[in-house]
Amino acid sequence: MRTQSSATAPPPIAVDSPAPERPGFGTLQAALGVVAFSLTFPATAWGLEGFGPWSLVSVRSVLAALIAGTALLVLRVPLPARRHWPGLAVVGAGVVLGFPLLTTLALETSTTAHAAVVVGLLPLTTALLSALRVGTRPSRTFWIAALAGAAAVLAFTVQQSGGALTTADLYLFAALLVCAAGYTEGGRLARVMPGWQVIGWALVLCLPLAVPVAALALAHEPVHLTAHSVTGLLWVAAGSQFAGLVVWYRGMAAIGIPKASQLQLAQPLLTLVWSVLLLGEHLTVAAPLTAAAVLVCIAVTQRSRG
């Protein structure tokens, strides 16, 4: 496979020259990513019905890497430039390995409603890391709306989970930090290479670690294949780990990391809807009120000037 600097690399797939996209289309892609991510916790809960936490995370990474690697090979995508590999390592450590493992461990003892606290804080954390790493400077209106939306989501999800802190919270807050770092670095890289290649190369980079971990985990953790466990595994691998991240990074590249991250304010509410439909969990009457508040905050952040 040739390096990106090769003079014979095909121009249509050069990783440093992605085609510009309209902001409106970028918002749509980021929103589709949020919908895909909102199914991650319910799908993980399904997967845990038949797999251990280490098996579920490692196998999902292997499957997603095989999908991404096949696409990269078929399209003959050249290797990224050497300067991009550190950023891809951050994406892999945060999004491919760290966040899935930490949240899966948390979901062994936590409900999906409680875990939604993580994604409630994720937009604000991503915007903060973006300001530090990429140098973005959102407006005061943006920050006020972002903080208000985060507060509304936190109040709702904490109330849903009873407000009690558990050992799972350590996993959840750690997952929040590593995921925000991966999103920030992935959004930065998506400005210079297509979004699907960002997550594709990050997945391939993690494959040498994921394969032996999967082999060890499957040998030591019991596996009970059911319709729920297989469906959950396939979704977190193909939907959350690959397809969702493809459109998410493309969306971030088009509309900017801070504005894209604020679309995730709707993710906990979507997750709770899926939890009711797929897991049989119950919601309070506060859900529609919180949803309305979040939608207002999203509208303000999307219209504010960065």
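The exercises below, each with a worked solution, concern a predicted model.

**Exercise 1. Describe the surroundings of Gln-241, starting from its helix.**

Step 1. Helix α9 spans residues 227-255, and Gln-241 is found in this helix.

Step 2. The relative accessible area of Gln-241 is 1%. Buried means under 20%, so Gln-241 is classed as buried.

Step 3. For a polar partner, look at the side chains: Gln-241 and Arg-60 are joined by a polar contact of 2.9 Å.

Step 4. Once neighbours within four places in sequence are left aside, Gln-241 is in contact with Arg-60, Ser-61, Ala-64, Val-95, Val-96, Pro-100, Ile-199, Leu-203 and Val-236. Arg-60 therefore appears both in this contact list and as the partner in the polar contact, while Gln-241 itself is buried.

**Exercise 2. Trace the aromatic cluster that contains Phe-37, Tyr-183 and Trp-248.**

Step 1. The count of aromatic pairs comes to six. One of them is formed by Phe-37 and Tyr-183, with 6.1 Å centre to centre and 20° between the planes. Planes under 30 degrees apart count as stacked, and the pair of Phe-37 and Tyr-183 is stacked.

Step 2. Place this pair on the chain. Phe-37 lies in helix α1 (residues 23-38) and Tyr-183 in helix α7 (residues 168-189), so the pair ties together parts that are 146 residues apart in sequence.

Step 3. Check burial. Phe-37 has a relative accessible area of 6% and is buried; Tyr-183, with 5%, is buried.

Step 4. Tyr-183 also pairs with Trp-248, at 5.4 Å centre to centre and 55° between the planes, and this pair is tilted. Tyr-183 in helix α7 and Trp-248 in helix α9 are 65 residues apart, and their pair links distant parts of the chain. Both of these residues, Tyr-183 and Trp-248, are buried.

Step 5. Put the pairs together: Phe-37, Tyr-183 and Trp-248 are linked into a cluster by ring pairs.

**Exercise 3. Locate the salt bridge of Glu-185 and compare the exposure of Glu-185 and Arg-188.**

Step 1. Begin with the general principle. Side chains of opposite charge can pair when their charged atoms come close.

Step 2. The count for this model is one salt bridge. Glu-185 forms a salt bridge with Arg-188, and the closest N and O atoms are 2.6 Å apart. The cut-off for a salt bridge is 4 Å.

Step 3. Glu-185 and Arg-188 are three residues apart in helix α7, so about one helical turn separates them.

Step 4. Glu-185 is buried, at a relative accessible area of 7%. Arg-188, at 23% relative accessibility, counts as partly exposed.

**Exercise 4. Determine the burial and contacts of Ser-229 and Val-246, both placed in helix α9.**

Step 1. Ser-229 has its place in helix α9, as does Val-246.

Step 2. Ser-229 is buried, with a relative accessible area of 0%. Val-246 counts as buried at 13% relative accessibility.

Step 3. Residues up to four places away in sequence are not counted. Ser-229 then touches Trp-46, Gly-47, Glu-49, Gly-50, Phe-51 and His-224, and Val-246 touches Gly-195, Trp-196 and Ile-199.

Step 4. Phe-51, a residue that Ser-229 touches, can be set against Val-246. The C-alpha atoms of Val-246 and Phe-51 are separated by 26 Å, and the two residues are 195 residues apart along the chain.

**Exercise 5. Characterise the position of Thr-157 in helix α6.**

Step 1. Helix α6 covers residues 140-160, and Thr-157 has its place there.

Step 2. At 0% relative accessibility, Thr-157 counts as buried.

Step 3. Apart from neighbours within four places in sequence, Thr-157 is in contact with Ala-113, Ala-116, Val-117 and Pro-268.

Step 4. For a C-alpha distance, take Gly-120: Thr-157 and Gly-120 are 37 residues apart along the chain, and their C-alpha atoms are separated by 8.0 Å.

**Exercise 6. State which residues make the nonpolar surface patch that includes Val-223, and place Val-223.**

Step 1. Leu-218, Val-223, Leu-225, Val-230 and Leu-234 make a nonpolar surface patch of about 420 Å².

Step 2. Val-223 sits in the loop between α8 (195-220) and α9.

Step 3. The relative accessible area of Val-223 is 35%, and Val-223 is partly exposed. Patch residues need over 30% relative accessible area.

Methods: Residues numbered from 1 in each chain as written. Predicted model: local features only at pLDDT ≥ 70, side-chain atom pairs only at ≥ 80, totals over all residues. Heavy atoms only, no water. Helix = DSSP H or I, 4+ residues; strand = E, 2+ residues; numbered from the N terminus. Buried < 20%, exposed > 50% of the residue type's maximum accessible area, 1.4 Å probe, protein only. Polar contact = N/O pair within 3.5 Å; in protein donor to acceptor, adjacent residues only side chain to side chain. Contact = heavy atoms within 4.5 Å. Patch = residues over 30% accessible without salt bridge, like charges linked within 9 Å, V, L, I, M, F, W, Y side chains within 5 Å. Areas by Shrake-Rupley, 256 points an atom, 1.4 Å probe, with all protein chains shown as cover. Salt bridge = Lys/Arg side-chain N within 4 Å of Asp/Glu carboxyl O. Phe/Tyr/Trp six-rings, centres within 6.5 Å; stacked < 30°, edge-to-face > 60°.
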